[in-house]
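Here is a short briefing on one protein chain. Keep the sequence and the structure open as you read.

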Amino acid sequence: MVDNPARVEGILQLAAQARERSSSRVEFTSNPEADALLTDLQHHPHAFVLGCLMSRQVRAEKAWLLPWAFRERLGSFEIAALARLTEPEVLHHMMHPTPLHRLPMAGVFRDGVQRIVSIYGGDASRMWSGSPPSAAIVRRFLEFRGAGPKIASMAANLLVSLLGVPVSDRYSIDISPDRHIRRVFSRLGFVPDDADDDLIIYRARELSPEYPGAFDLLLWEVGRETCRPGNPRCTACALAEQCPRDHAT
Ligand code: SF4
């Protein structure tokens, strides 16, 4: 497949504009209190880390709501209060009166808290302080139980692109191929419809080697709003000019 550099550049420019828009009003959920906790990197940086660790096999919003919902039940989200909980106590708060997650995540949650205390002295922002290379942030997330490459790269991308964390490079922030990003990336003609995660990740690295995850937010927004699975609304799409599809709909 031969790429048109001007088309790729146009998409990357739109992606940069989408990040710029979102960084001025970060919305992980429809709950302002939950968002305030997640984005409070100064006083509660562990809330963001634990929210990322919960991002498995549930809708994104449900995972992002979990730190706030847990705080409502415990009465605190201070790291010292979390560190005092045994795993059965974490499980109790996760499950009662209703489950906060469809998977048994109490162990992941408690191990995450213990790692933040033992390795980072209770201050999770040490994972990204001092303008580190992006690979260091990704690697530090990977060291948590329950965090694979997808979660680690997503976490680094959110910190850098939406929450303003400075880094010395963005080379190791990969695209995070969720269902929306996968669908739009394919409809843009960059990969076949049945491409697996590895193919999507390497294609994004090929197209945007200095920051492969640059595509994420724009493609996720387009996938959620206009490029729906059954009936894409191409005439209303931000990517209409760059997309090789028939825009007759
Ligand atoms: S122009 Fe249509 S097919 Fe292409 S990304 Fe937009 S909605 Fe999807």
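## Backbone, packing and rings

Q57 counts as exposed, because its relative accessibility is 54%. The model is predicted. The points below start from Q57 and the backbone, then turn to helix packing, aromatic rings and two buried residues.

**Unusual backbone spots**

- Q57 sits in the loop between α3 and α4. Its phi is positive, about 55°, although Q57 is not a glycine.
- S131 also has a positive phi without being a glycine, here about 50°. S131 belongs to the loop between α7 and α8 (134–142).
- S131 has a relative accessibility of 37%, so it counts as partly exposed.
- The peptide bond that joins H96 and P97 is cis, with omega about 5°. P97 is in the loop between α6 (87–95) and α7 (106–120).

**Helix α3 against helix α9**

- Two packed helices are described by the angle between their axes and the distance between the axes.
- Helix α3 covers residues 45–53, and helix α9 covers residues 149–162. Their axes come within 10 Å and cross at roughly 145°.
- The crossing of α3 and α9 is right-handed.
- From α3, the contact uses F48, C52 and L53. From α9, I151, M154, A155, L158 and L159 take part.
- By class, the contact of α3 with α9 has eight nonpolar residues, no polar ones and no charged ones.

**Aromatic pairs**

- The count of aromatic pairs comes to ten.
- F48 and W64 are one pair: their ring centres are 6.1 Å apart and their planes are at 20°, so the pair is stacked.
- The F48–W64 pair links distant parts of the chain. F48 is in helix α3 and W64 is in helix α4 (residues 60–74), 16 residues apart.
- Both F48 and W64 are buried.
- F185 and F215 are another pair, with ring centres 5.6 Å apart and planes at 65°, so this pair is edge-to-face.
- The F185–F215 pair also links distant parts of the chain, with the two positions 30 residues apart. F185 is in helix α10 (residues 179–187), and F215 is in the loop between α11 (197–207) and α12 (216–225).
- F185 and F215 are buried.
- One aromatic cluster is formed by F28, F48, W64 and W128. F48 thus appears here as well as in the contact between α3 and α9.

**Charges over rings**

- R170 places its charged end over the ring of Y211, 4.9 Å from the ring centre.
- R205 lies over the face of Y202, and the distance to the ring centre is 4.5 Å.

**Two buried residues and their contacts**

- S161 is in helix α9. S161 counts as buried because its relative accessibility is 14%.
- Leaving aside neighbours within four places in sequence, S161 is in contact with R19, S23 and Y211. Y211 is also the residue whose ring lies under the charged end of R170.
- S161 and A214 are 53 residues apart in sequence. Their C-alpha atoms are 8.4 Å apart in space.
- T226 is in the segment after α12. T226 has a relative accessible area of 8%, so it is buried.
- With neighbours within four places in sequence left aside, T226 is in contact with N231, P232, R233, A236 and C237.

Technical notes: Residues numbered from 1 in each chain as written. Predicted model: local features only at pLDDT ≥ 70, side-chain atom pairs only at ≥ 80, totals over all residues. Heavy atoms only, no water. Axes fitted to C-alpha atoms, helices over the stretch in contact; angles between N-to-C directions. Helix = DSSP H or I, 4+ residues; strand = E, 2+ residues; numbered from the N terminus. Left-handed = near helix turned anticlockwise from the far one by under 90°. Contact = heavy atoms within 4.5 Å. Nonpolar A, V, L, I, M, F, W, Y, C, P; charged D, E, K, R; others polar. Phe/Tyr/Trp six-rings, centres within 6.5 Å; stacked < 30°, edge-to-face > 60°. Buried < 20%, exposed > 50% of the residue type's maximum accessible area, 1.4 Å probe, protein only. Lys NZ or Arg CZ within 6 Å of the ring centre and 35° of its normal.
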